[in-house]
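User: I'd like to go through this model with you and ask what stands behind each label.
Analyst: Happy to, let's look at it together.

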Amino acid sequence: LVPCLPGGSSIVGRTYPVAIRATAFGAAYAAGRLGSVFGPLFGQSLHGLGVSNETVFMLSALPCLIAALAVAVVYRNTSRPENSFVPAVK
């Protein structure tokens with residue numbers, strides 16, 4: 001979900017409860033790793049089909065745009081009341 005955007009871990013921390021936050025972060029990190037593995041393979045196969053460099057770069061921007069929209073939707077739909085934040089040290 002987050003390979004294209006900085007601060008993706010803050011979205012995971014904001015969205016998921018503490019009990020499953022580490023699992024959610026691990027899943028988001030795994031999704032990013034899968035994208036970094038399969039992205040070049042997809043680009044190479046497009047080049048093998050004769051697609052131009054410009055088109056490959058435009059197609060590679062689509063997952064980033066989709067991820068940015070998903071993060072924006074999640075951020076907008078998850079709100080915490082101001083008093084729900086507890087300081088680490090009192």
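User: What makes F38 in α2 the place of a kink?
Analyst: This is a predicted model, and in it α2 bends by about 30° at F38, shortly before the proline P40. The bend is the angle between axes fitted to the seven residues ending at a residue and the seven starting there, so the 30° compares the two stretches of α2 that meet at F38.

User: How do you know what span is expected for α2?
Analyst: Helix α2 covers residues 21-48, which is 28 residues. The expected span is 1.5 Å times one less than the number of residues, and therefore comes to 40 Å for α2. From first C-alpha to last, α2 reaches 41 Å, close to that value.

User: What does the same test give for α3?
Analyst: Helix α3, residues 53-77, has 25 residues and reaches 37 Å, close to the 36 Å expected.

User: Why are A24 and G43 in α2 called buried?
Analyst: Buried means under 20% relative accessible area, so A24 and G43 fall below that cut-off, as do A28, G32 and L46. In α3, the buried residues are V56, A67 and V71. Over the chain of 90 residues, 16% count as buried.

User: What comes after α2?
Analyst: G50 follows α2, with a positive phi near 90°.

User: Which elements make up the chain?
Analyst: The chain has three helices and zero strands, in the order α-α-α from the N terminus.

User: What share of the contacts joins residues at least 24 apart?
Analyst: Among contacts between residues at least 6 apart in sequence, 64% do.

Technical notes: Residues are numbered from 1 along each chain as its sequence is written. This is a predicted model: local features need pLDDT of at least 70, side-chain atom pairs count only at pLDDT 80 or more; totals for chains, interfaces and linings use all residues. Side-chain values use heavy atoms; hydrogens and water are left out. Helices (H or I, at least four residues) and strands (E, at least two) are DSSP runs, numbered from the N terminus. Buried means under 20% relative accessible area, exposed over 50%, partly exposed in between (1.4 Å probe, protein chains only). Contact means heavy atoms within 4.5 Å.
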